[in-house]
Each structure stands twice: as structure tokens, then as C-alpha cells.
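Visitor: I am new to this structure and should be grateful for a close look at a single part of it. Please begin with the charged side chains, and then set out what surrounds them.

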Amino acid sequence: MTIKHNIYLKPLELPDAEAMLVLRLSNQAFLQPVDPVHPNNFLTLEGQQEHIALGLQKQAEAAAYPFGIMLGQQLIGRIELSNVIRGPLQNANVGYFLDRAHQGNGYVSEAVRLVITFAFEQLDLHRLQAGVMPRNTPSIRVLERAGFRQEGLALRYLKINGVWEDHLLFALTAEEYTS
């Protein structure tokens with residue numbers, strides 16, 4: 001994908017498991033308040049290999065597209081188009097996280113713009129959506145800057161850190177997209 005501000009998206013592959021494990025371990029406390037509960041082995045090399053293998057399987061089925069967010073050769077985050085639905089909906093969910101050490105540099109905003117371009121220009125999707133906990137103001141700002149509009153509040157939408165959390169729902173359609 002196109003490089004802007006030294007950020008690019010790289011499809012995740014099994015050899016990325018070690019770098020993803022390092023990233024996840026170094027950000028465990030930072031991400032825990034906004035992350036679902038993961039399987040017991042998630043924070044192991046085997047767990048990351050399994051997670052990436054599942055992503056590769058879903059990508060082969062055109063059901064998800066997981067990417068590493070890269071700064072040069074360094075993996076600094078992950079972004080994914082998941083739950084891709086074709087037919088009359090042509091929709092996907094967008095989810096992401098970024099290394100705490102790289103927050104505030106516009107990197108995740110750039111990654112979101114890159115995944116939007118991929119979704120609309122290469123996958124020919126019509127709609128993208130994202131859910132964000134109302135207290136996660138940095139993520140809300142990222143989505144708003146990328147052109148997403150707020151559609152509403154979903155009560156007890158996702159189980160995050162063991163608790164059913166409300167989420168603000170955001171969406172962007174192909175008609176609203178500007179490259």
C-alpha cells in the first residue's frame with residue numbers, strides 16, 4: 001500500500017508473530033481497558049501465530065483483511081477490516097490499535113485513511129463501520145478526521161476487558177469517501 005508519512009500497511013503473515021507478540025506484551029496494560037478478553041495463550045508466540053493464521057484463513061475467504069501498521073521496517077500497530085459482508089450490504093468493520101510509544105503522531109489516522117482507500121478502491125466495498133467506547137476520545141477523533149460520521153449508541157455492544165461496554169457507532173460510505 002502507498003507510503004505516506006513513513007506509514008504503510010503490510011498484510012500480516014506468520015513471520016510477523018514474534019514482532020506482534022513484542023508489541024502486544026509492551027502494550028498490554030495500555031490496551032487492556034479497550035481490548036476484549038483473549039484466550040489464555042494469546043500473549044505467547046504460539047497464540048500470536050494462531051491469531052495470524054486465523055487472519056490468513058479469513059483473508060483467503062475474503063472475510064477479513066488484517067494488516068500490520070508499519071513505520072519503516074518496524075511494526076507499530078495493527079488494523080483490520082473484519083466481518084466483510086458482500087451481497088447487497090458490501091460492508092466491513094474497521095478495528096485498530098497502535099503502540100503507545102507512537103501515539104500522537106498521526107500514524108493511526110494515516111493507517112485508517114490507507115485502509116479506507118483499500119476498502120473502497122480495491123475491495124469495492126460500499127460501507128465501513130467502527131464501534132468505539134464513548135470514553136475513548138482519541139479513537140473517536142481518528143474516525144472523525146477520517147470522515148466517519150457518528151450514527152448512534154449501541155448499548156452493551158462488545159465485551160471489553162470482561163465487561164459489556166456501550167459503543168458509539170461510526171460509519172463511512174463510498175459516496176462520502178474522498179481520496
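**A network of charged side chains**

Guide: Four residues, Arg127, Arg149, Glu151 and Glu176, are linked in a network of salt bridges, a salt bridge being a side-chain nitrogen of Lys or Arg within 4 Å of a carboxyl oxygen of Asp or Glu. The model is predicted, and residues are numbered from 1 along each chain as its sequence is written. Local features need pLDDT of at least 70, side-chain atom pairs count only at pLDDT 80 or more, and totals for chains, interfaces and linings use all residues, while side-chain values use heavy atoms, with hydrogens and water left out.

Within this network, the closest N and O atoms of Arg127 and Glu151 are 2.6 Å apart. Arg127 belongs to strand E5 and Glu151 to strand E6 (residues 149–160), so their salt bridge ties together parts that are 24 residues apart in sequence. Strands (E, at least two residues) and helices (H or I, at least four) are DSSP runs, numbered from the N terminus. Arg127 is buried, at 17% relative accessible area, whereas Glu151 is partly exposed, at 40%. Buried means under 20% relative accessible area, exposed over 50%, and partly exposed in between, with a 1.4 Å probe and protein chains only.

The whole structure has 9 salt bridges. One of these joins Arg78 to Glu80, with the closest N and O atoms 2.9 Å apart. Arg78 counts as buried at 7% relative accessible area, and Glu80 counts as buried at 18%. Another joins Glu13 and Lys10, at 4.0 Å from N to O. Here Glu13 is partly exposed at 42%, and Lys10 is partly exposed at 22%.

From Arg127 in strand E5, one may turn to Leu128, a residue of the largest nonpolar core. Such a core is a set of buried Ala, Val, Leu, Ile, Met, Phe, Trp, Tyr and Cys residues joined through side-chain atoms within 4.5 Å. Of its 37 residues, those that touch the most other members are Leu9, Ile69, Ile79, Leu81, Ile116, Leu128 and Phe148. Two or more residues each come from strands E1 (7–11), E2 (65–71), E3 (74–85), E4 (91–98), E5 (127–132) and E7 (163–173), and from helices H4 (107–122) and H5 (137–145). Helix H4 gives the most, with 10 residues. A separate core of 10 residues includes Ala17, Met70, Leu75 and Phe97.

Beyond its neighbours within four places in sequence, Leu128 is in contact (heavy atoms within 4.5 Å) with residues that include Leu81, Val94, Ile116, Ala119, Phe120, Phe148 and Phe170.

Helix H4 itself has 16 residues and reaches 22 Å from its first C-alpha to its last, close to the 22 Å expected at 1.5 Å a residue; the expected span is 1.5 Å times one less than the number of residues. This helix is mostly covered, with 12 of the 16 residues buried. Among the buried residues of H4 are Tyr107, Ser109, Glu110, Val112, Ile116, Ala119 and Phe120.

After H4 comes Asp124, in the loop between H4 and E5. Its phi is positive, about 55°, although Asp124 is not a glycine. Most residues other than glycine have a negative phi. Asp124 counts as exposed, at 59% relative accessibility. Ala62 likewise has a positive phi, near 60°, and is found in the loop between helix H3 (45–60) and E2. Ala62 is partly exposed, with a relative accessible area of 32%.

Helix H5 has the buried residues Ser139, Ile140, Val142 and Leu143. These residues lie on the same side of H5, because they cover an arc of only 160° around the axis; the arc is that of the directions from the helix axis to the C-beta atoms. Their cover includes E4, H4, E5 and E7. Gly147 follows H5 and has a positive phi, near 100°.
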